[in-house]
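Welcome, and thanks for taking a look at this one with us. Please have the chain open beside you as you read, and follow along from sheet to helices to side-chain contacts.

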Amino acid sequence: MAHRTSDIVIIGGGIVGSALGYFLSSDDSKKVTIVDRAFEELTGSTGYAPGFVGQFNESDVLTRLAIESVEEYLKIPGGFDPVGGLEVATSEAGVERLKWRLDTAKDRGLEAEFISSKQAAVLAPDLVKEDNVIALHFPKDGTANGTTIATFFQAGARARGVDLLEANVTNIRRSDGRAEGVETSAGFIQARTVILATGIWAQNLADFDIPVPVIPVAHPYMFGEHHEAKPYKSPFVRYPEYHVYTRDHGPYFGLGTYDHKPAAANPKATAVGDWVEEFDEMLQKALKLIPENTNLVAREKYNGIFSMTPDNMPLVGEIPTAKGLYIAAAVWITHAAGSAKFLTKLLRGEAVDPAVQKALDPTRFKGRDMAELERESLHAYNSIYTTHEST
């Protein structure tokens with residue numbers, strides 16, 4: 001088998017790994033290699049993510065990373081569509097929650113406003129009924145095409161000399177307290193810097209002497225029947241009280257729900273797992289929020305596996321047990337480019353925001369029991385938009 005050398009090896013060619021390759025390749029002095037099983041068809045979460053990008057998060061760090069990510073996605077043809085986002089309240093309790101989100105979003109510099117339920121129904125007539133209480137509108141939010149974005153980053157990285165290698169990675173080799181490279185089905189790649197960015201498969205290679213609670217979970221999403229393109233672009237819609245979200249994909253509507261018992265997943269070749277029977281009941285319940293005349297019924301359903309952590313925060317940074325070893329895992333499309341830019345700065349020894357570094361620190365669960373961390377991650381599933389930055 002061939003023996004290759006590289007300065008940096010990125011394991012994983014999804015949106016995070018591809019963005020890292022793109023940003024790191026602006027330094028001509030470094031040879032960068034991205035390794036993935038397949039670049040033509042992304043089989044990880046990037047290839048199946050529904051593409052909702054809400055920039056506001058209870059976490060200030062994630063809000064900032066989302067804003068930075070959207071700035072990058074807007075540069076990519078077909079990468080991001082700023083259709084806006086709606087969060088709909090159906091009760092007074094829901095309104096109170098949205099009030100805090102509105103005030104905090106404005107404090108962080110995001111455009112946001114309350115609109116009436118009728119205004120929301122005008123903006124998204126196929127997805128919002130008129131008899132709700134109120135809606136929070138984020139006009140600069142939108143939808144992202146993860147595959148388009150990743151492909152753009154890959155092409156840009158390749159044009160700058162990055163090597164895209166299709167192969168299976170079997171081991172991260174370490175010696176004397178530092179990374180040496182990666183063993184792959186195409187041979188050994190010698191490198192003094194290795195970045196693990198394999199998403200839901202991160203634990204397969206994460207023998208790092210510290211817990212890496214990147215927990216794959218099952219999640220239902222459905223596509224409706226095909227329809228003619230609408231003469232308007234609807235914002236995506238969330239129903240926080242019901243853990244439901246929905247959008248117009250153009251030729252069809254999509255809908256997902258978190259309103260079910262959390263289920264750990266064991267991803268195989270792709271980020272699509274076996275269908276869970278309970279999902280059918282939850283999707284039918286969620287569909288009651290949609291206007292009847294939309295006639296939204298499931299044409300296709302799938303269990304889209306993605307990663308959870310105990311605090312709903314990504315793990316991005318250096319693994320101290322081996323010099324030159326880094327991780328970027330449990331990163332949503334919403335935060336991918338911002339996270340990649342942060343890690344690029346860290347790798348180059350540039351100054352980074354200490355608050356961001358602390359919040360994303362992959363060592364923050366050191367000393368914790370892995371089984372307990374998995375339970376916490378699954379428990380956090382039903383409050384997916386709630387984050388708990390360490391203080």
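In this predicted model, nine strands form an open sheet with mixed pairing, in the order S7-S8-S6-S17-S18-S19-S16-S21-S20. Its edges are strand S7 (113–116) and strand S20 (272–273), each of which pairs on one side only. Further in, S6 and strand S8 (residues 134–138) run antiparallel to each other, joined by five bridges. One residue to pick out here is Glu-87, whose bridge partner in S8 is Leu-136.

Helix H4 packs on this sheet, where it touches S6, S7, S8 and S17. The direction of H4 makes about 145 degrees with that of S6. Helix H7 (residues 277–287) lies across S16, strand S18 (244–248), strand S19 (253–257) and strand S21 (298–304). Relative to S19, H7 runs at about 115 degrees.

**Salt bridges**

How many salt bridges are there in the model? The count comes to 21. Three of them are set out here, with the separation of the closest N and O atoms.

| Salt bridge | N to O distance |
|---|---|
| Lys-233 and Asp-81 | 2.9 Å |
| Glu-87 and Arg-101 | 2.7 Å |
| Arg-299 and Glu-300 | 3.8 Å |

Let's start with the salt bridge between Lys-233 and Asp-81. This pair links distant parts of the chain, 152 residues apart. Lys-233 sits in the loop between strand S16 (220–224) and strand S17 (236–239), while Asp-81 belongs to strand S5 (residues 80–81). Lys-233 has a relative accessible area of 61% and is exposed, whereas Asp-81, at 24%, is partly exposed.

Next comes Glu-87, which we already met in the sheet, and which forms a salt bridge with Arg-101. Glu-87 lies in strand S6 (residues 85–89) and Arg-101 in helix H4 (residues 92–107), so this salt bridge ties together parts that are 14 residues apart in sequence. Are these two side chains' residues buried or exposed? Glu-87 is buried because its relative accessibility is 3%, under the 20% cut-off. Arg-101 is also at 3% and counts as buried.

The third pair in the table joins Arg-299 and Glu-300. Arg-299 is partly exposed, with a relative accessible area of 30%, and Glu-300 counts as partly exposed at 37%. Elsewhere, salt bridges link Asp-60, Arg-64, Arg-108 and Asp-353 in a network.

**Around Thr-184**

Thr-184 is found in strand S12 (residues 178–184) and counts as buried at 7% relative accessibility. Which backbone atoms does the side chain of Thr-184 reach? One is the backbone nitrogen of Ala-186, at 2.9 Å. Another is the backbone oxygen of Gly-187, which lies 2.7 Å from a polar atom of the Thr-184 side chain.

**Helix H8**

Finally, turn to helix H8 (residues 333–347), which has 15 residues. At 1.5 Å a residue, H8 should span 21 Å, and this agrees with its end C-alpha atoms, which are 21 Å apart. Of the 15 residues of H8, 12 are buried, so the helix is largely enclosed by the rest of the structure. Among the buried residues are Ile-333, His-335, Phe-342, Leu-343 and Leu-346. Small residues join them too, including Ala-336, Ala-337, Gly-338 and Ser-339. Just after H8, Gly-349 takes a positive phi of about 75 degrees.

Note on methods: Residues are numbered from 1 along each chain as its sequence is written. This is a predicted model: local features need pLDDT of at least 70, side-chain atom pairs count only at pLDDT 80 or more; totals for chains, interfaces and linings use all residues. Side-chain values use heavy atoms; hydrogens and water are left out. Helices (H or I, at least four residues) and strands (E, at least two) are DSSP runs, numbered from the N terminus. The expected span of a helix is 1.5 Å times one less than its number of residues. Buried means under 20% relative accessible area, exposed over 50%, partly exposed in between (1.4 Å probe, protein chains only). A salt bridge is a side-chain nitrogen of Lys or Arg within 4 Å of a carboxyl oxygen of Asp or Glu. A polar contact is a pair of N or O atoms within 3.5 Å; within protein, one must be able to donate a hydrogen and the other to accept it, and residues adjacent in sequence count only if both atoms are side-chain atoms. Two strands pair if DSSP finds at least two bridges between them. Contact means heavy atoms within 4.5 Å. Axes are lines fitted to C-alpha atoms, for helices over the stretch in contact, and angles run from 0 to 180 degrees between N-to-C directions.
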